[in-house]
Structure formats: C-alpha cells, structure tokens
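Hi,

Here is the structure we talked about handing over. Please open it alongside this note; what turned up follows below.

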Amino acid sequence: LHPSTRPDFIGTRPTFSTRPLIVGFAQGDADFLKPVTLSRVDPVPKAFGTGGTESTYGLVEKRVYRLISIFLIFIFTYSTAFSQDPNFTTSVDRNRIAMGEQFEITFTLSGSGKNFQPPPFSDFLVLSGPNQSTSTQFINGNLSQSISYSYILQPRSEGKFTIESATIESGGKRVQSNNIIIEVTKGSQQPQRQSQQSSEESNLSKQIAENLFLRVSVDKKNVYQGEQITATYKLYTRANIVKYSVTKVPSLTGFWAQEIDLPKTLQFETEVLNGIQFRVATVKKTALFPQRSGTLELDPMESEFVVQVQTRRRGGDVFDQFFNDPFFGNISNVNYKAKSEPLKINVKPLPTHNLPSSFSGAVGKFSMEAWIDKQETKMNEPVMLKVKISGRGNLKLIEPLKLSIPPDLESYEPKISDNITQGTNVISGSRTFEYLLIPRRPGDKKIPAFAFSYFDPEKNNYVSISSTDFIISTTKGIDLAVGSSASLSKEEIKLLGQDIRFIKSGDVKFRKHGKTFFGSTIYLTLLIAPVFLFIGFIYYQRRYEKITGDVVRLKSRKATKIAKKRLSVAKKLLESNNKGEFYTEVSRALWGYTGDKLGIPQANLTKESVNESLKSHGVSEKSLEKLNKILDVCEFAQYAPSADSGEMGKIYSNTVELISKIEEEIR
C-alpha cells in the first residue's frame, strides 16, 4: 500500500492494522450545512512513517490510502454479492392503519438484480415511489449487499387488502417476493413516522431560515415628499445556493421608482451580523421618490431558492458512516422560499409657506443653464432656446418651464432629453428642454427672464434660479418680388419707353360703355372681405391667447398627440426587441397621457388619483381595469424582464386601443 521508493520505507516491512474511522456532523447553528473532517482515533504504526504519529505523513498518502481501501472494498463487495443466493422479501412498517394514514412498503433483495416489477396497487394511492436504495454491510468478516425499492401508499377505502408479490431478475432467474395483507380501519390518526418526518422538515426549514434570508434597508426613513430614498435588497446566506429566482417584486405603492444598475451576476462579500459571518450580495437597488405624504410601506420582495444541504445517514455501521464522508457526498437539494420584511417610511409634506409660483415639484439640489444658439436671424429661420437642469434628485419628474414667448415668435412643444446616471446610490445627471422658435416678423423679439424653483431638503427651504433676458434680432428676408425684371430681354426693355404699341390682333373682347369694375359684385366682395378677415383674425387671436393661458386645458387638448408620439418611440423599441426601454416608454406614455388629460400634477399622479378622476369623467370600469393591468405588466417587466416579442406586441396594441377607448368615453 505504500511506495517502496520512499526513503523511510526502505528495509522495512509493511504492517497493517484495522482502525475504526469516525465521521459525523456537528449540530450547532448552521454547521448542519457543512461536513466535519474525518479524524483518526489511534496513531499510525511507525512502519507507516518516520515519526510514528499521524502528523508524520502528508495529506496525499491519507487520500491514496482511503481510495485504495475503498476500491478493494467495492471489488470484494461485488464478488461476494454475485455469489449470494437471492432472497426477495416484502415488508411494511405497519399492516394495520386507519383511513387517511400512510404507510411504507419495501421490497428488499439480498444481492443484485434488475428489471424490477412492482405489484398492482389498485386499492391504494401511490404517494411516492419507487425510491431505490442500496446497502452494503461488513459483519464479522462477511460482506453483504442488498437493494431495496420502497413506496409510500395511502388506502382508498376500508377493509382487508392483499398486496401481491413483486418480481425481479437476479442470478439469471426471475425471483418473486411474498404477499402482504393490510387492514384498513376507520378514523384518522397521524402516523408517528409522518409526524417525525414533518418535525424533521420543520426543523430543517427553521435552520435554513436562520442561515438564508432577504433583508431590505434604506438610507433614511424620514423624508420629504419627492425626496429620494435608496432601498437596497440584500441576500444573506451561509448555505450553498444551487438556484435563485425572484418570484415577486415589491409593488412600491405611493413611490415613483428608478432602478439603479447592478452587475448581472451576484457579487458576494463577507459581513458579520449579530456576531455571525454571512456571505452577502445585493440583489436589487432602487431609488424611490415618495409621491404623497404620510406613512408609506415598502412591500416584501419574495424569492425561491434551491439549497444544497448535507444529510445524515441512519444506522451505526462503521462503513455506512465511512460512506457519509463529504469526499463522496451525501447531498440533497431542498426548495426554500424567502421574503424580506415590510418597511415603513415616514413622508413629510412639503412646506406651504414661501412657495414660489414657478415650483412644479422638483426636490433635490439643482442648477440651471439657459442659452440660444443665435441672437441674430432672419424671418422664418428657426432659433433654438435650450434650458438645462442639472443636479441630483427627481430629474425625470421635472416638467418643462413656463416661458413667456412673444406672439411674433412661433413656438412648439419642447424636445426633452435626459442624461441620467444610475450606477450610484443617488440619481444624478441632467434634463434638457429644447424650444424651437420661429420669428414671423422683423424686429427685436424679447423673451423675458424665467425662473426654475426646487425644494432643497438639506436647507429645508425653496430655492429659485432665474435666467437672463433673451433678445432675438430679426431682419427681413429676401423679397421674392424684387428683381422680377431680371429675366427680361433687351428688346423687351426698349419697348417699355415707346408710345406707340403694335395693333392687337386676334380675338378682342369688348365691354359695354359705362360698365366698369368699380361698383361690380366682385368689387364689393373684395371690399367687404378684409373686414370679415380682420374680425376672424381677432377672434382666433383671442381664442389662441385663452387656450395658451390655460395650461391645463392646453395639456388636455394635446394629451393624445403627445401619447401617440411616445407610443411611436415604443413601437421602434418593439421592432428592435429592446424590452426594458419598451416597457418604460409604454408606462411613460400612459402616465403622461392620463396626467395631461385629467390635469393632475406629476407630483400627485398615482393609480388611485387617476382611477378616481377617470371614473368621475365617465370612463368604464373595464377600461380602468385594462389601464391598471397594463401599468402592472410594465412595472413588473422593468424589474424582471422575461416577456417575448409577442407579449410586447400585445401590450403595444392594447395600449393604443385603450387610449382610443378612453377618448371615446371621457366627458
């Protein structure tokens, strides 16, 4: 068993001794999840090394010794097993049971066999099986092997029933087991075995719960409405996780959420909690912006795990314990569900004193830049006015600023572009508004200074930032009527000064003497037309000023147009199969449409407020249910994207139909 090439073995004669081995599992806290290392009881004989103790030879010799020993045991096992006379028996743990109880039936063959055929269990329900197991025993120098097939059965009715024999092939012939009689009586008493098994499962689940759980934490629990909270969901484990999946994401009612990017694979670190060391990984991180004051609750996050645990084998046989060595493994997978505890957040309302008129719900710390691309232009040539809001806070909830545009400047809805950083705990970046302005008349056009206001939670007050005045100098464009004579020839120019013209030839039309254009119907029509055109212009101008002055009404009129524009972006994302951005854009289109249509400020935009307002405007319950369902699907898909392109197409078509349906029903 030991190489003779080793210097300390030269000239010695190997000696052998049979020494018992001890293997087991500790019962403390989480040690049930990790095997205890093999240890030897007695020292190794001196012939095995130079020092005469176990520490005198290395780990390599120990493993070689173990492998060779096991290999010889297996050879001897199978050579002995094939020489045994087959003995095939049927046994049960109880032959008298009550209705509703379960029992175990086992078919055991001494030796080896194949092609096992169970009897028909027509009078019983098969709850589990066949469960196959093998056993090898070494008693008083004799090695024996057996194979067993077990079932868990439950009776269908009362009475006495005979379970017929099973058959199996062993030693080249078909072997048959004995019959078993089962008596089923009235009543239901939980079997002791089932109770014990249930107790063991409960104890195992309790131990896993102590060593595997989810926990949510926030950077602050007392905030202002609109102030950012960073919620971090962490996985704490001391177990070996085979599989992990999120089964339910928190609904986050009352919050506007923005996901913070995390690595695609879990990154584990070591953390000590209550004196116990855990491996910890962040599974989800979200920036939350509360949309209403009061006490809000973070819903639990639920996950499913497949945990690999080390189980103990029953019986006190030395070799049975030996095969429980972690080198070979006696491992099973256990399904386990975990969820985080709910967490309450206290949200304070924003102060009402010193509230600026330009405040629209921005909370955080911001700065503003405003500029135009050119100060001098010509009529009908566009000018771009850009306003950039930078900082940290609820950037995506900032609405376009209210500008006082002169009537001689034609303006359009601003184009919004975001540059948001999501890789840190705080949402930061910038939001830019681009206003397209077209001067229709020459002269200097003045855009008065405008303000942007936000609430600073650190200073506990409102802050206003103002821009400068902008003046756009507009000159007259090229007059197309000028230079019309440039195309005339020299001969035509000479004729302009002559008094005598050529006599007209061809058909000549004559009119009655005294009948002139003055006083004709056409003349009177052209004379009165400018009056009506002027009245129409005044009416249109006043109506335009009334509509543009009523921001809520203006948004309501343009809500459908803006929603269709956003849905066109979602359609492009659908065609490119960009799932995450697609659901975000559909959700943004629905929230923007309902907010603009109903005149609900962004800060107060929640499912409850939208449903209540739509219901008061006559929208049907079916449409409300469809709206909430689409919003829930979009919210869930942003956290756990798993939908295919067909599902995305269905969501897109349902959203388009829903907006059209609401337009028909709303009043």
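**Overall picture**

In this protein, 72% of the contacts with a separation of 6 or more are between residues 24 or more positions apart. Keep in mind that this is a predicted model. The protein has 667 residues, and buried residues make up 35% of them. It contains 10 helices and 33 strands. The accessible surface of the protein is about 40,700 Å². Carbon and sulfur atoms account for 52% of that surface.

**A three-stranded sheet**

One open sheet has 3 strands, in the order 25-33-30, with mixed pairing. Strand 25 (376-378) and strand 30 (443-447) are the edge strands, each pairing on one side only. On average, neighbouring strands of this sheet are turned by 30° against each other, direction ignored. Strand 25 and strand 33 (residues 470-475) run parallel and are joined by 3 bridges. K378 stands opposite T475 in strand 33. As a general reminder, strands of a sheet pair through backbone hydrogen bonds, either parallel or antiparallel.

**A closer look at Q154**

Q154 lies in strand 8 (residues 142-155). Is Q154 buried or exposed? Its relative accessible area is 18%. The cut-off for buried is under 20%, so Q154 counts as buried. The side chain of Q154 reaches the backbone oxygen of G100 at 2.9 Å. G100 also appears among the contacts of Q154 beyond its neighbours within four places in sequence. The others on that list are E101, Q102, F124, L125 and L127.

Best wishes

How values were computed: Residues numbered from 1 in each chain as written. Predicted model: local features only at pLDDT ≥ 70, side-chain atom pairs only at ≥ 80, totals over all residues. Heavy atoms only, no water. Helix = DSSP H or I, 4+ residues; strand = E, 2+ residues; numbered from the N terminus. Buried < 20%, exposed > 50% of the residue type's maximum accessible area, 1.4 Å probe, protein only. Polar contact = N/O pair within 3.5 Å; in protein donor to acceptor, adjacent residues only side chain to side chain. Contact = heavy atoms within 4.5 Å. Pairing = 2+ DSSP bridges. Axes fitted to C-alpha atoms, helices over the stretch in contact; angles between N-to-C directions. Areas by Shrake-Rupley, 256 points an atom, 1.4 Å probe, with all protein chains shown as cover.
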